[in-house]
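Student: Could you take me through one part of this model slowly, and then show me what else is worth a look?

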Amino acid sequence: MTDNHAIRLRDYPALVRLALACIMAVVVVAALTGAPVRAAEGAVSEWQQLSPNVHIFTMDGSNSVVVVGRGEALVMDTYTDAQAAILKEQIKQRFDVPVRYVVYSHAHADHLRGSAVFGDHVTYVAQRRQRERLEFLAPFEPTIHRPSKFFDKLLTLKVGGVSVILEDYGFNHGTGITVMRIPSAKAVVIPDIVYPRRLLWYGLNDYSPRGIVATLQAINATEYEIVVPTHGPTFGRAEVAEYIGYLTDLIGQVNAIISANLDSKGPEETLSIALRDVNLRRYEEWENYERWRDGNVEGTFQSLYVGW
């Protein structure tokens, strides 16, 4: 661009110069502080640093966890093609290290799309029970890379000197979630099964309430300070305990109604009784109570009825 065509602030009136200066200041502050910035395609993304090595990249409410060690990085969950592409570029710009591991939290496509953007040289890690479902998804989800490493109950990875522990607690959601523990940050990533003061997804599709309670109780018996969910802000141990209380209450009430009515009235009438009589009013201030209360009751009934 020649000087004759260059944009120069002195060519504008004073008020316009002031407006342009303010806009540039906002952009600079956002870049330095990690404040939300709207990406070109309209999605809002931001970074949060938990510790010197642990970062959260959030885009439209979904959290990709990034662990950065000496000369390499690990990513857990990419969600969409757009988020994966932006995340890859952001890791390059911010940390200038290659991604060595991509960890799959569970075998649901809405968490894993776009993962193939990191290339074939990366190690894609999944819990072994995810294998069959991911193989089923492969023809329909070309941007989800097939896992190249599987684990059973426990796997410790070293990411440039940073320890990352992957744990399996059995059935809870899907084929089972992978809990990721980062001891140096006193943080644990718990995907999709606990949200402070919010009901579970409407009908508990692919959820086991009893499995979730068992998982959360086991996690709460361990050492940690920060919970990173796959959606929403971070929280702590007290919120996990409160969620265990909600699910225990819900399961107990539905189970009592099943025990008292199923043999004599059958499943349809027993479900109707549960929808009418389960009392969750103490949680009516929780997010999505009005919209999801019936779905939580029905989903719990279906889970207990079929033994899931």
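What follows is a close look at one helix, and then at a pocket and a few backbone angles.

Student: What does helix α7 pack against, and where does R293 fit in?

Tutor: Sure, and keep in mind that this is a predicted model. Let's begin with the helix itself. α7 covers residues 289-306, which makes 18 residues. At 1.5 Å a residue the helix should span 26 Å, and its end C-alpha atoms sit 25 Å apart, so the expected and computed spans agree.

Now for its surroundings. The buried residues in α7 are Y289, W292, R293, G295, N296, V297, G299, T300, F301, S303 and L304. As for what they pack against, the partners are α5 (209-220) and α6 (237-277).

R293 deserves a stop of its own. This arginine is part of α7, and its relative accessibility is 11%; the cut-off for buried is under 20%, so R293 counts as buried. What does its side chain find there? A polar atom of the R293 side chain lies 2.7 Å from the backbone oxygen of L275. Leaving aside residues up to four places away in sequence, R293 touches L199, A274, L275, V278, L280 and N288. L275 therefore turns up twice, as a residue that R293 touches and as the owner of that backbone oxygen.

Just after the helix comes G307, with a positive phi near 85 degrees. Most residues other than glycine have a negative phi. Two residues here have a positive phi without being glycine. One is D96, at about 55 degrees, in the loop between α2 (81-95) and β6 (99-103). The other is K186, also at about 55 degrees, and its loop runs between β11 (178-182) and β12 (187-190). K186 has a relative accessibility of 46%, so it counts as partly exposed.

Last, the pocket. The second largest pocket holds about 220 Å³ of space. Its lining is made up of 13 residues, and D110, H173, D192, W201 and Y207 are the ones nearest its centre. Sorted by class, the lining has four nonpolar, six polar and three charged residues.

Technical notes. Residues numbered from 1 in each chain as written. Predicted model: local features only at pLDDT ≥ 70, side-chain atom pairs only at ≥ 80, totals over all residues. Heavy atoms only, no water. Helix = DSSP H or I, 4+ residues; strand = E, 2+ residues; numbered from the N terminus. Expected span 1.5 Å × (residues − 1). Buried < 20%, exposed > 50% of the residue type's maximum accessible area, 1.4 Å probe, protein only. Contact = heavy atoms within 4.5 Å. 1 Å grid on protein atoms, 1.4 Å probe; cavity = no way out; pocket = protein on both sides within 12 Å on 5 of 7 lines; lining within 4 Å. Points joined across faces, edges and corners; volume = space filled by probe spheres on them. Nonpolar A, V, L, I, M, F, W, Y, C, P; charged D, E, K, R; others polar. Polar contact = N/O pair within 3.5 Å; in protein donor to acceptor, adjacent residues only side chain to side chain.
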